[in-house]
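Work through the exercises below with the structure open. Each task is followed by a solution in short steps.

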Amino acid sequence: MWRKTQKQFAAALRDPGTAVPATISDTGGKVSLKRFNVYRNNVAAGLIDALAATYPVVHALVGDDFFKGIARNFTRLFLPDNPVLQNYGADFPDFIGTQNETTSTPYLSDVARLEWAWNKAYHAADKVPSSIAALADAPDELVANIGLRFHPSARLIQSAWPIVSIWQAHQENDPQSLLGQLPDRGEQALVVRPDMTVHISTLDPVAYSFIKALYDGQTLGQASPLVIDRGPLDLSGHLAALFDTGAIVGLSDLT
Amino acid sequence: MAGAGTTIPSRAGVGLKACHYHDILGDKPDIGWFEVHAENFMGAGGPPHAYLSTIRASYPLSLHGVGLSIGGIEDLDLDHLDRLKALVDRYQPALFSEHLAWSSHRTAFFNDLLAVPYTDETLDLVCAHVDQVQSHLNCKMLLENPATYVVFETSTYDEVDYLSEIARRTGCGLLLDVNNVYVSCINHGRDAADYIDRFPAAAVGEIHLAGHGEDRDDEGERLLIDSHDRPVIDPVWELYGRTLARTGAQPTLIEWDNNIPEWSELFAQAHLANSVMTRTLQNCRSPHVA
């Protein structure tokens, strides 16, 4: 009995076009759509708020009405699969890209990806970063075989748009004035939370390809050709910069 | 866990919100305890756990779940029970509470506290779920009365009788949300004072107070919305006093989850609750406990 009613209730919550279950009434015995709509509104508003909390820069970029429209469409198609709402909205960046209304703002999806990475970094496991001294202690003949272990919060994102500059502008009081000065190129981001604050830094293309290779499990020996003779920094310069971000928590097993 | 008490004092506490962390750590306010929504602390690490650990070291804590779907027809989510167990083990809360409501259906979590019909079928179901929670978490839980906007024609129990029976069968305590009583009674044309007078006072382990919004239904009848976005109104303070006269002093939470005010305003609501508690208990020195 309750199984059937709950199924009807759930279906009516998900689809405003579905009739309210006949077993539901107000105390006068009448089915009140407006009363049932309190639940529909609670579900939508709660999930839209959750998305707005995870994607504050996207929210600011498109404005409240526009954001709520996209978010409402998303919540109608995708509900959370468990009660931990910080995990809700992983597919929102891709979903933004499918919405006709967002074609004039093609960078939105990538800004959303950056915000999702920030969210994951914020809640990731805590770990104390290693200093580059860990590398200096390794025997010379083994250095080429060493891989680096990344902080649980570390994420890398590459975009054809200046997403880090857009994100950083929104950490200031007057993002609009800064948005007028965006670089005319794509940006690569390293997101990491070495302690209590999530840091987002821009990587040049050479540093990005090097760090990405290490992040994907390559050894220093395998990844180092990506930086040798590719710019002002040498290998040790790139490694020092990487360890400085706090993104490295140790070395892979030396074999 | 060190410090901070293994019981919740019978005075006012408030819901802990991230925007108040710095006020709390800076001012060390004289507040009885804090309550958190368990689901907001289910990440692996980061600032939420760091702040909660620091605040927990100085204040008693109550853990309030909003996602177990205890009234749902389906089995409880064992992964979610494990997440709750991990939080209970880590933070040693003095109270754990959840709702007489459902929020999940199959793979979908609706993120709302949805109404349950009060029948023999659901009574067995809810009692089995409460038993399972208490056994999994190895502690007594409190079950909260819901704010409801609809009723079911299939219901055969009055809400107070239903909750009383759950407490009797499972040994769980009850979290009496006085604002929910007011909201539901206005919405369904019932007498809130009568609800309070019939509530099983001996089972009450905590009280919730909050503000609510007001609308009209399709028939033009008052429709109150449990919005937790404003101060507690006078009729709810009056019901609170009526409750205390029966239950004696109780841990009392000010819930304010939306349009969250400055810390000072939230703190002032807690003060108000303490004043009502002091005044009520002075007026009836030997509370009649049913």
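**Exercise 1. Strand pairing across the chains**

Find the residue that stands opposite Ser25(A), then describe how the two strands pair.

Solution. This is a predicted model. Start at Ser25(A): Val151(B), in strand 8 of chain B, stands opposite. Now widen the view to the strands. Strand 1 of chain A pairs with strand 8 of chain B, residues 151-152. The sense is antiparallel, and there are two bridges.

**Exercise 2. The side of chain A that touches chain B**

How many residues does each chain bring to the contact, and which elements of chain A supply them?

Solution. Step one is the count: 40 residues come from chain A and 39 residues from chain B. Step two is the elements. Helix 1 (2-14), strand 1 (24-25), helix 2 (33-54) and helix 6 (108-123) of chain A each give at least two residues to the side that touches chain B. Helix 2 of chain A has the largest share, 10 residues. Step three is chemistry. This side of chain A holds 21 nonpolar, 11 polar and eight charged residues.

**Exercise 3. Two sides of a helix**

Take helix 4 of chain B, residues 120-137. Check its length, then sort its residues into buried and exposed.

Solution. Length comes first. The 18 residues of helix 4 of chain B should span 26 Å at 1.5 Å a residue. The end C-alpha atoms are 26 Å apart, so the two values agree.

Next, list the buried residues: Thr122(B), Leu125(B), Val126(B), His129(B), Val130(B) and Val133(B). Their arc around the axis is only 130 degrees, so they sit on the same side of helix 4 of chain B. Turn to the other side, and Asp120(B), Asp124(B) and Ser135(B) are exposed.

What covers the buried residues? The cover includes helix 1 of chain A. From chain B it includes helix 3 (78-91), strand 4 (95-99), strand 7 (142-144) and helix 5 (159-170).

**Exercise 4. An enclosed strand**

Is strand 4 of chain B enclosed or open, and which way do its residues point?

Solution. Count the buried residues. Five of the five residues of strand 4 of chain B are buried, so this strand is largely enclosed by the rest of the structure. Now sort by direction. Leu95(B), Ser97(B) and His99(B) point one way. Phe96(B) and Glu98(B) point the other way. The general rule is that side chains in a regular strand alternate between the two faces of the sheet.

Last, find the partner. Strand 3 of chain B, residues 61-64, pairs with strand 4 of chain B in the parallel sense over three bridges. In one of these pairings, Ser97(B) is the bridge partner of His64(B).

**Exercise 5. Positive phi in two loops**

Locate Gln92(B) and Asn138(B). What is phi at each, and how exposed are they?

Solution. Recall the background: most residues other than glycine have a negative phi. Gln92(B) lies in the loop between helix 3 and strand 4 of chain B. Its phi is positive, near 45 degrees. With 17 other C-beta atoms within 10 Å, Gln92(B) is partly exposed.

Asn138(B) follows helix 4 of chain B. It belongs to the loop between helix 4 and strand 7 of chain B. Phi is again positive here, near 55 degrees. Asn138(B) has 9 other C-beta atoms within 10 Å, so it is exposed; the cut-off is 12 or fewer.

**Exercise 6. Overall form of each chain**

Set the radius of gyration of each chain against the value for a globule.

Solution. Take chain B, which has nine helices and 13 strands. Its radius of gyration is 18 Å, close to the 19 Å that the globule rule gives for 290 residues, so chain B is as compact as a globular protein of that length. The C-alpha atoms fill a box of roughly 50 × 45 × 40 Å. Buried residues make up 51% of chain B.

Now take chain A, with 12 helices and six strands. A compact globule of 255 residues would have a radius near 18 Å, but chain A has 24 Å. Its C-alpha trace spans about 85 × 45 × 30 Å along the principal axes. Buried residues make up 38% of chain A.

**Exercise 7. A long-range contact**

Which residues does Ala60(A) contact beyond its neighbours within four places in sequence?

Solution. Place the residue: Ala60(A) is in helix 3 of chain A, residues 56-62. Its contacts are His170(A) and Pro175(A). Ala60(A) and His170(A) are 110 residues apart along the chain, yet their C-alpha atoms are separated by 8.0 Å.

Terms used: Residues are numbered from 1 along each chain as its sequence is written. Chains are lettered from A and ligands numbered from 1 in the order in which they are written. This is a predicted model: local features need pLDDT of at least 70, side-chain atom pairs count only at pLDDT 80 or more; totals for chains, interfaces and linings use all residues. Two residues are in contact if their C-beta atoms, placed from the backbone, lie within 7 Å. Helices (H or I, at least four residues) and strands (E, at least two) are DSSP runs, numbered from the N terminus. Ala, Val, Leu, Ile, Met, Phe, Trp, Tyr, Cys and Pro count as nonpolar, Asp, Glu, Lys and Arg as charged, and the others, Gly among them, as polar. Two strands pair if DSSP finds at least two bridges between them. The expected span of a helix is 1.5 Å times one less than its number of residues. A residue is buried if 20 or more other C-beta atoms lie within 10 Å of its own, exposed if 12 or fewer, and partly exposed in between; C-beta atoms are placed from the backbone. The arc is that of the directions from the helix axis to the C-beta atoms. The radius of gyration is taken over C-alpha atoms; the globule rule is 2.2 Å times the number of residues to the power 0.38.
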